[in-house]
Amino acid sequence: MKTWQKKEASKENILHLSKKYEIDTLTASILARRGFSSGKDIMFFLEDDLRYQHNPFLFSSMTDAVERIMQAKDEGEKVLIFGDRDVDGVTSTTLLYQCLRDLGIDVSWRLPGKDDPYGLNEQAVNDFSAAGGTLIITVDCGISNVKEIALATEKGIDVIVTDHHTPPEVLPESCVIINPKTADSGYPFRDISGCAVVYKLARALRFAQSRDYNAEYCLFGISVSDDNSHIKLECIKVKNMIAVSRFVREFSADEKSSVLEKKVLEAAHFMSRAHLFVWDMKSTAKKIAMVFGSADAVSAIDFREEISKVFPQMKTLSLRQLRPLSKIIRYSDSNLDDMDVFFNIFVSYMQKKFEKEFPEFQKKEEADLQLVTLAALADIMPLTNENRIFAKNGLKSINEARLRPGLQELMVNLNLIGKKISSTDLSWTVVPSLNAAGRMGQAEVAAQLFLSEKAEDRFSLSQKIIALNQERRELGKVAEEYAFQTAKDSIQAHGGKLCVIIDERINRGVSGILAAKLVQLYGVPAITVTFPDGDFAVGSMRSCRGFDVTKFLDRFGNLFVNHGGHTQAGGFSFLKSDIDLFRQKVKELSSTIELSLDTEDILQADAEIPLKYMTPKLLDLVDKFEPYGEQNPPLIFMSRNVPVIDARVLGSSEPFHLKLNLDFGATKWPALFWREASRLNSEFAVGDDIDIMFQVGRNTFNGTTTPQLILSDLKKSAQ
């Protein structure tokens with residue numbers, strides 16, 4: 001029996017959100033019930049402009065990485081990209097390879113072979129050294145490869161690590177690391193995919209082609225009180241569109257001349273060696289004269305004149321007048337001043353300037369974001385913060401028929417062309433197909449799909465990937481038969497907190513999928529271990545109910561040869577000869593596992609919809625909250641006293657499902673209720689009124705798309 005809930009949301013809070021962010025009250029109520037109340041959170045739900053993503057140069061090591069790669073370009077060095085075998089690794093490899101190739105760099109790529117461990121391996125380092133290579137860039141891996149990176153250093157090979165996995169206590173040395181999860185990354189959002197990290201590197205490399213790269217700009221402003229008794233001088237130093245430092249000095253009329261002179265000299269020093277901009281030089285000149293003794297003492301460009309060439313509406317406006325017009329100011333949860341407005345306008349201008357100077361980069365970025373979208377969904381990244389900006393733009397270009405090569409051929413063969421594509425479609429159809437290549441030991445097939453320049457080759461490769469996915473499914477079914485025989489006994493043996501399946505018959509390529517299936521069925525974390533050819537055992541772990549996989553695996557100490565992953569999923573390997581030690585350690589650690597309550601049977605309504613408001617326009621609201629996924633599940637609505645016009649059982653060989661026709665007054669809605677055929681004529685019948693919990697979706701058949709409901713649960717309405 002499922003429990004129905006609808007979180008309370010205060011009317012005052014809903015009206016506040018509606019007014020402040022200029023949204024309808026239904027949207028505001030859903031945001032409130034989902035716990036999104038900060039301006040920053042709401043911004044990523046309401047906006048899709050790439051202007052709102054985080055600047056790549058916020059990574060503390062980004063400039064070091066860019067400089068090393070540009071050095072490789074200038075000196076004609078050989079560069080190797082080493083990725084991972086899953087979707088995140090393949091898309092990361094593809095994105096960076098195309099970026100470096102376009103910049104004229106001598107670049108090659110390599111992915112782990114069928115029996116290779118996760119991450120950079122010694123064989124790859126030795127092979128690259130023998131070929132005369134001097135720079136390795138790891139993508140979606142590398143943060144745990146201390147030994148392999150040390151080997152590369154010994155051989156005179158520099159390494160740049162781009163990764164997003166949880167870092168170990170000991171990090172690789174003598175390399176550049178770009179990982180949002182390291183303590184000193186400088187990046188404001190931890191939970192981006194490996195492909196998103198690479199996308200940031202690509203954006204930084206492209207910006208490095210501009211004359212504005214590494215140039216220093218200073219935004220300068222002076223405010224004076226009405227009685228001229230108080231002066232405030234502010235400067236913001238900007239480099240690569242980042243506010244790298246800020247200078248504020250305040251003056252009062254009764255200060256000693258020596259104190260005033262010191263502050264003026266400090267200001268002059270701060271502004272030196274930078275291109276200086278002011279907003280409205282005409283009104284600023286008098287204030288400059290008051291502080292520096294002469295209006296000519298400060299040589300600056302009138303930025304308002306400059307930007308009015310791009311945005312004419314700004315020509316006569318002051319920064320104070322622009323404040324209420326700034327979306328970034330609106331979404332800020334702190335009090336921002338006129339200089340903050342100046343900085344945000346300056347960044348927008350620089351971005352427009354860059355786009356105009358390099359229009360070809362915009363098309364490449366659109367193709368990149370389709371890869372970033374796939375990676376975010378494949379690696380179950382939370383669809384919050386800038387991940388929403390990535391996925392919105394990726395989905396938009398896919399649905400506007402601007403599919404990147406490789407993805408287009410794959411979607412043709414998956415019969416996805418001609419329908420509106422959602423994040424769910426990608427997660428359940430495209431991602432598993434691409435993942436199958438790596439799981440079946442042929443990750444290079446997926447990379448070749450995206451990199452091949454011939455359409456006929458891409459078409460053939462997409463068919464091969466679909467065949468590999470079918471083969472993977474068959475192996476998965478076989479593995480499930482082995483696992484289900486012992487799963488319940490294993491859970492009992494581990495205190496009801498963990499399921500551990502160790503079986504050499506499990507194909508390595510489906511171990512992670514099998515672990516996820518066990519989690520889904522039994523509601524506890526699961527570990528699967530198998531023994532591919534060689535001296536090693538290989539395992540996968542999947543989590544649920546708030547359990548942290550990486551912290552658990554870290555507690556195995558030196559038993560593992562390598563391990564890594566995320567909070568929800570991880571992988572590891574150890575020597576076959578240590579299998580008994582592994583069993584013992586798992587048994588010991590399972591007693592320490594703490595799991596939160598299982599919420600699987602709780603249905604949380606985002607909004608209750610009266611019958612008269614149940615129109616196809618509700619799809620617009622559903623689309624507004626796309627993309628759906630981790631930390632942003634599909635919207636669930638509730639309606640009461642809905643008449644059942646018709647009901648029939650679907651399926652000939654397995655009649656499990658129900659198709660209903662429901663009467664909402666002006667609109668009649670078809671509704672599907674999966675695997676609940678037994679409830680017809682036992683819990684309700686045609687002619688009854690029912691209360692329903694449901695999602696709103698689309699059904700596409702023979703090129704025609706119609707709205708439909710997917711029921712999560714129903715109850716016969718109270719009389």
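**View 1. Strand order in the sheet built around strand 7.** Two strands are taken to pair if DSSP finds at least two bridges between them, and in this predicted model five strands form an open sheet with mixed pairing, arranged in the order 9-8-7-10-11. Strand 9 (242–252) and strand 11 (301–302) each have a single partner strand and stand at the edges, so one side of each is left without a neighbour in the sheet.

**View 2. Helix 10 on the sheet.** Helix 10, which spans residues 281–292, packs on this sheet and touches strand 7, strand 8 (230–239), strand 9, strand 10 and strand 11, its direction making about 80° with that of strand 7.

**View 3. The pairing of strand 7 with strand 10, and helix 14.** Strand 7 (residues 216–224) and strand 10 (residues 275–278) run parallel and are joined by four bridges; Phe220 has Val278 of strand 10 as its bridge partner. Helix 14, residues 338–357, lies across strand 7, strand 8, strand 9 and strand 10, and runs at about 150° to strand 7.

**View 4. The sheet of strands 12 to 16.** This open sheet, again of five strands with mixed pairing, has the order 12-13-14-16-15. Strand 12 (499–502) and strand 15 (562–565) are its edge strands, each pairing on one side only, and from one strand to the next the twist averages 10°.

**View 5. The pairing of strand 14 with strand 16.** Strand 14 (residues 536–542) and strand 16 (residues 569–575) run antiparallel, with seven bridges joining them. Among the residues to be found here is Arg542, whose bridge partner in strand 16 is Ala569.

Note on methods:
Residues are numbered from 1 along each chain as its sequence is written. This is a predicted model: local features need pLDDT of at least 70, side-chain atom pairs count only at pLDDT 80 or more; totals for chains, interfaces and linings use all residues. Side-chain values use heavy atoms; hydrogens and water are left out. Helices (H or I, at least four residues) and strands (E, at least two) are DSSP runs, numbered from the N terminus. Contact means heavy atoms within 4.5 Å. Axes are lines fitted to C-alpha atoms, for helices over the stretch in contact, and angles run from 0 to 180 degrees between N-to-C directions.
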